[in-house]
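Reader: Please take one part of this model and go through it closely. I would like to see how the strands are arranged, what packs against them, and how that part sits beside the rest of the chain.

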Amino acid sequence: MSSVCAAYLVSHERAARTDEPDVSLVSKDSSRPAAAASPAAASSAADAAPGASGAPATKPPAFTVKKASIEHSFAAAAQSMGVDAGTTAMLARALRSDPSLSRDLQPGDRVSAVFDESSDSQAAREPLAVRVVRGATAHDVYLHKDLQGKPFYYSKDGASTNPSFERYPLDFTRVSSDFSLRRFDPVLHRWQSHDGVDLAAPIGTPVHATARGVVRFIGRQTGYGKVIVIQNPPPYSTTFAHLSRFANGLRRGSRVSRDQVIGYVGETGWATGPHLHYEVHVHHAPHDPLTVELPQKTPLQAAEMQQFKARVAQLSALL
Ligand SMILES: [Zn+2]
């Protein structure tokens, strides 16, 4: 049986008109005080490229190189080098963004990593550079911290490995109804637009936020059923409808991170089968979630890129 979605009947604007919490692209980590983060970022920048910067480096970097073979998993190899669990997960994701490593790191792959032992204890668990060698091919990623001190890993050409917006909010079985500006509705027997895409999945399938943001609406609406609207970094917002239930503790104003489970697939509201109705709005206008251009990269600015390239040259020689 095909599922039917009548979520378009409720204007997105109704949900959108509630106050809009500030989610700016620069406030990436509200829990980290900016004043504390800036000196760390500045000092790591100075350490990274003392020659390129006029500022004197407070501590000269003391690089150590560690090597490991992957026997069971990348996580075990990283752990043996002293990398903490959070950084290990970030590195695994960064390395998987390389298509030839997309499945997983395999037994027999060799890993080497550069650490700066002169820095604080956190930095010692956070390698500056990691190389995975599989066969005759080497794959490198390099640490870069943004102005808030948040770590990201980039490939050696400075391309971010860290997508900031996922395309799909769940593992779905099929697209049961496409986005369309005008379609014939089988329930109402009227031509209507369909402001989102219907992703069929079993009831209870977890639904993830596709980008970080703030919950702008959570509750019931006619047509949508149980629905969540998330204000993502401007100009994006996302809507998740027909949910069977919400994630515990989630309420209006809650901050969510990308990949965080926010609810579960259901068929509340006007839906004739279990599916997620998912909308992506750009500047308050609905776009096709399957094709809309999403911010996949955190590009380095020109000045950062110059510094980054200098560091890559220095560190790649050590790997
Ligand atoms: Zn729909």
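Author: This is a predicted model, and contacts over long sequence distances are a fair place to begin. Of the contacts in the protein chain with a separation of 6 or more, 67% join residues 24 or more positions apart. The secondary structure comes to 6 helices and 17 strands, and 35% of the 319 residues are buried. The average pLDDT is 79, with 76% of the residues scoring at least 70. Over residues 6-55 the pLDDT is below 50, although this stretch has 85 contacts in the model beyond near neighbours in sequence. Where pLDDT is low, predicted coordinates should not be read in detail.

The part chosen here is the open sheet of 5 strands, in the order β1-β2-β3-β4-β5, with antiparallel pairing. Its edge strands are β1 (63-69) and β5 (151-154), each of which pairs on one side only. On average, neighbouring strands of this sheet are turned by 20° against each other, direction ignored.

At one edge, β1 pairs with β2 (residues 110-116) in the antiparallel sense over 7 bridges. Within this pairing, Phe 63 has Asp 116 of β2 as its bridge partner. At the other edge, β4 and β5 are joined by 4 bridges, again in the antiparallel sense. Here the bridge partner of Tyr 142 is Tyr 154 in β5. The hairpin of β4 and β5 has 5 residues between the strands, and Gly 149 in this hairpin takes a positive phi near 85°.

Helix α6 (residues 302-316) lies across β2, β3 (129-134), β4 (137-145) and β5. The helix runs at about 135° to β4. Glu 304 lies in α6, and its C-alpha atom is separated by 9.8 Å from that of Lys 145, 159 residues away along the chain. Glu 304 counts as partly exposed because it has 17 C-beta neighbours inside 10 Å, a count below the 20 needed for a buried residue but above the limit of 12 for an exposed one.

Nonpolar residues come next. A core of 26 residues includes Ala 77, Val 141, Tyr 154 and Phe 308, and is separate from the largest nonpolar core. In soluble globular proteins, nonpolar side chains tend to be buried together.

The largest nonpolar core has 29 residues, and among those with the most contacts inside it are Val 207, Val 227, Phe 240 and Ile 262. Elements giving two or more residues to this core include β9 (197-200), β12 (225-231) and β15 (261-265). The most comes from β13, with 5 residues. Leaving aside neighbours within four places in sequence, Ile 262 is in contact with residues including Val 207, Ile 228, Phe 240 and Val 256.

Two histidines can be set side by side. His 242 lies in strand β13 and has a positive phi of about 70° although it is not a glycine. His 283 lies in the loop between β16 and β17 (285-287); its phi is also positive, at about 50°, and it is not a glycine either. His 242 counts as buried because it has 30 C-beta neighbours inside 10 Å, whereas His 283 is exposed, with 9 other C-beta atoms within 10 Å.

Definitions and conventions: Residues are numbered from 1 along each chain as its sequence is written. This is a predicted model: local features need pLDDT of at least 70, side-chain atom pairs count only at pLDDT 80 or more; totals for chains, interfaces and linings use all residues. Two strands pair if DSSP finds at least two bridges between them. Axes are lines fitted to C-alpha atoms, for helices over the stretch in contact, and angles run from 0 to 180 degrees between N-to-C directions. Two residues are in contact if their C-beta atoms, placed from the backbone, lie within 7 Å. pLDDT is the predictor's confidence in each residue, from 0 to 100. A nonpolar core is a set of buried Ala, Val, Leu, Ile, Met, Phe, Trp, Tyr and Cys residues joined through C-beta atoms within 7 Å.
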